[in-house]
Amino acid sequence: MNKDLEKLACKDLIDLALLMPKKFDDLRLNDAPILNELNCTKVVIKSKKQLAGKRLTCIAYSYNWECECTITIFNARPFHNALFAINKELLIYGKLNDFAGLLQFVNPKIIKNSGEITANYMIKGVSDKSISEIKKKYLNYESLKAYDLLDEHIKLLLTMSENSVDAMLLLNSDELNECLKFVEIFHHIRRLNETYKNDTLYKKLKTHDINKWLKSLPFSPTNDQLKAILDIKSDLENAKHKIRIIMGDVGCGKSLVIFAAALMTYPNKAILMAPTSVLAQQLYEEAKRLMPGFVKILHFSGTKTKFMQDELQDANFVIGTHALLWADIGDASLVMIDEQQRFGAKQRMRLKELATTNDVNPHYIEFSATPIPRTTALINSDIYSYSFIKELPFKKEIETKLITIEQSKELFNHIRIENEKNHQAIIVYPLIEEGKTNTYKPLESVIPYYEKHFKNVYYTHGKDKEKDNVLSEFALKGDVLLSTTIIEVGISLPRLSIIVIVAPERYGLSTLHQLRGRVGRNGVKSYCYLLSKNDFSDRLIEFSKTLDGFKIAEIDLANRKSGDLIDGDYQHGASFKYFDETSDNIILQKAKEYIHKLQDK
């Protein structure tokens with residue numbers, strides 16, 4: 001069975017049952033001709049004529065219609081002359097139209113047998129007959145009921161595995177469409193539950209009281225921050241719970257929640273892994289500034305790992321990068337991943353495994369500034385617990401402007417004005433160096449222009465070994481930074497008031513939102529320019545009208561879909577054939593209710 005399923009790219013029998021034909025070919029002889037529809041008839045060729053431009057025209061007599069029709073073959077080849085020989089009887093199938101008062105077939109199919117209805121799956125490399133045989137061989141009531149499908153859905157799916165009039169009439173019907181959506185999302189959630197079983201045992205902690213510390217902070221935490229902290233406290237005090245993901249929009253203050261989680265873990269050890277050394281350094285400095293002095297905080301630098309093992313064992317709160325994956329981190333009670341979208345799943349799980357002792361896991365929290373849509377959260381809600389931080393510590397004033405290359409002069413004047421106010425600007429380029437098919441100038445080719453027209457110009461990119469030093473120096477002394485998207489996450493730039501994103505059509509909305517979130521961090525009036533050579537799509541126009549990361553995530557989902565949420569084979573693109581994550585919430589709710597009903601049995 002596995003080989004047959006692999007041939008059709010199906011993981012199991014549900015995938016096979018959900019494999020629908022694109023259309024059916026009704027090869028039964030028509031009692032009467034139907035114009036502008038596909039018809040099947042038995043004919044005898046009465047005459048034929050070869051016209052200019054390789055066109056062959058035949059006059060044929062239809063036995064079942066008892067009338068003449070014409071058959072026109074465009075771009076006729078030599079074999080067509082033999083195929084449409086005078087007095088030869090043929091079964092033909094094709095679209096029938098009216099041409100100058102005559103019934104006409106254009107390039108019809110020649111078929112061997114009439115009276116059949118055949119499914120047309122249009123799968124490259126596998127015949128329709130083979131697919132029908134595989135479905136007939138494996139799909140039955142018992143095999144589908146083993147997946148806990150509803151009887152009404154099993155009946156519809158089995159009907160669609162037949163080459164029948166009922167299947168042909170059912171294809172594209174609302175009834176079948178509803179069934180396919182329900183079965184697909186139901187099966188997806190069941191597979192998710194099997195993949196991420198919530199039977200993990202965590203280290204139950206007596207949390208450190210942080211109320212006094214919260215009151216001593218030089219600012220008041222938002223209600224959403226406090227709610228996320230309470231959620232984490234509840235997790236830490238329980239030995240069994242779901243993995244928690246803290247979703248916060250750009251600039252919402254996730255750092256405070258990270259520090260609160262580490263402090264509640266005290267005197268036990270907490271580990272935080274950040275995606276860049278610049279961000280790790282920044283979080284370390286902020287933690288030293290805000291957290292109580294009795295907490296031993298360690299910045300675990302990849303350049304000094306050999307000399308830090310003793311400090312690592314003694315620390316209460318360790319902040320580092322990927323270097324932690326190769327360290328002896330010891331007995332940690334809490335593992336946190338900042339900007340989790342920047343790490344692979346294996347990297348995230350590796351850090352958790354390093355801190356696992358005697359099959360008892362450290363508590364594990366992921367933080368992300370890339371908000372996910374509500375629907376995706378609901379799909380995954382049996383696997384993850386979510387805490388959403390939507391409130392911002394201060395109101396952001398960011399104006400997003402869509403401009404063309406021809407308007408660059410206006411943009412450069414604005415950058416100079418902001419520089420005079422001691423504000424900074426970043427211009428993000430999609431490429432580092434010249435390529436064969438570039439429509440935009442790469443970063444390296446524009447450096448001389450900016451150095452000529454602006455003061456204190458810096459530039460860096462992902463391949464630059466000195467990028468961390470460049471970013472740190474720019475933060476203190478720079479006016480203009482030329483960069484790639486490496487500045488999406490990282491060092492705080494409180495003076496940054498302008499970001500220019502060249503070729504915005506090349507990025508997903510979540511990346512654009514992350515980049516835009518680099519400006520306006522301290523409530524300064526700021527600007528995000530989307531600079532393009534092309535007309536702006538509806539997607540970018542919608543993006544320019546809102547600063548709400550959760551709304552942007554919904555727009556992004558509608559455009560690129562969620563990707564493969566179980567096997568991780570791809571990160572975006574439609575992972576569902578039928579279920580629509582943006583509009584099928586009612587079907588999703590029904591599927592989850594049915595799953596919970598099955599679980600309660």
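These are my notebook entries on a predicted model, covering its sheets, some of its helices, one pocket and one distant contact.

**Entry 1: the seven-stranded sheet**

I began with the open sheet of seven strands, and I read its order as β11-β12-β10-β13-β14-β9-β15, with parallel pairing. I then looked for its edges, and found β11 (297-300) at one of them and β15 (384-389) at the other, each pairing on one side only. On average, and with direction ignored, neighbouring strands here are turned by 20° against each other.

Inside this sheet I followed β13 (residues 332-337) and β14 (residues 363-368), which pair in the parallel sense over four bridges. To fix the register I picked out L334, whose bridge partner in β14 is H363.

**Entry 2: the edge strand β11**

Next I went to β11, which pairs with β12 in the parallel sense over four bridges. As a point of reference I noted that H299 stands opposite I319 in β12. Which way do the side chains of β11 point? I297 and H299 point one way, L298 and F300 point the other way, and all are buried. I set beside this the general rule that in a regular strand the side chains alternate between the two faces of the sheet.

**Entry 3: helices on the seven-stranded sheet**

I looked up two helices that lie across this sheet. Helix α10 (residues 223-236) lies across β9 (243-248), β13, β14 and β15, and I noted that α10 runs at about 155° to β15. Helix α11 (residues 254-265) lies across β9, β10 (269-273), β12 (317-320), β13, β14 and β15, and its angle to β13 is about 170°.

I stayed with α11 to check its length, and its 12 residues reach 17 Å from the first C-alpha to the last, close to the 16 Å expected at 1.5 Å a residue. Is α11 enclosed or open to the outside? Because 12 of the 12 residues of α11 are buried, this helix is largely enclosed by the rest of the structure. Among the buried residues I wrote down K254, S255, F259 and T265.

**Entry 4: the second largest pocket**

I then turned to the second largest pocket, which has a volume of about 940 Å³. Its lining is made of 34 residues, and those that lie nearest its centre are G253, S255, Q282, E286 and R521. The elements that give two or more residues to this lining are α11 and α12 (277-290). Which element gives the largest share of the lining? That share, seven residues, comes from α12.

**Entry 5: strands β3, β4 and β6**

Here I moved to an earlier part of the sequence, where β3 (residues 55-62) and β4 pair in the antiparallel sense over seven bridges. Within this pairing I found C58 opposite I71 in β4. The hairpin of β3 and β4 has four residues between the strands, and there E66 takes a positive phi near 55°.

With β6 (residues 102-106), β4 pairs in the parallel sense over three bridges, and in β6 the bridge partner of T70 is Q104. I also asked how far β4 (residues 67-73) is covered, and since five of its seven residues are buried, this strand is largely enclosed by the rest of the structure.

**Entry 6: the six-stranded sheet**

I read the open sheet of six strands in the order β16-β21-β20-β17-β19-β18, and its pairing is parallel. Its edge strands are β16 (398-404) and β18 (457-459), each pairing on one side only. Neighbouring strands of this sheet are turned by 15° against each other on average, direction ignored.

At one edge, β16 pairs with β21 (residues 526-532) in the parallel sense over seven bridges, and there K401 stands opposite Y529 in β21. Helix α19 (residues 509-516) packs on the sheet and touches β16, β17, β20 (496-502) and β21, while its direction makes about 150° with that of β20. I noted also that helix α17 (residues 443-453) lies across β17 (424-428), β18 and β19 (480-483), running at about 170° to β19.

**Entry 7: a contact between distant residues**

Last, I looked up I189, which has its place in helix α8 (residues 174-195). Its relative accessibility is 0%, so I189 counts as buried. How many residues lie between I189 and N380 in sequence, and what is their distance in space? I189 and N380 are 191 residues apart in sequence, yet their C-alpha atoms are 7.5 Å apart in space.

Conventions: Residues numbered from 1 in each chain as written. Predicted model: local features only at pLDDT ≥ 70, side-chain atom pairs only at ≥ 80, totals over all residues. Heavy atoms only, no water. Pairing = 2+ DSSP bridges. Axes fitted to C-alpha atoms, helices over the stretch in contact; angles between N-to-C directions. Contact = heavy atoms within 4.5 Å. Expected span 1.5 Å × (residues − 1). Buried < 20%, exposed > 50% of the residue type's maximum accessible area, 1.4 Å probe, protein only. 1 Å grid on protein atoms, 1.4 Å probe; cavity = no way out; pocket = protein on both sides within 12 Å on 5 of 7 lines; lining within 4 Å. Points joined across faces, edges and corners; volume = space filled by probe spheres on them.
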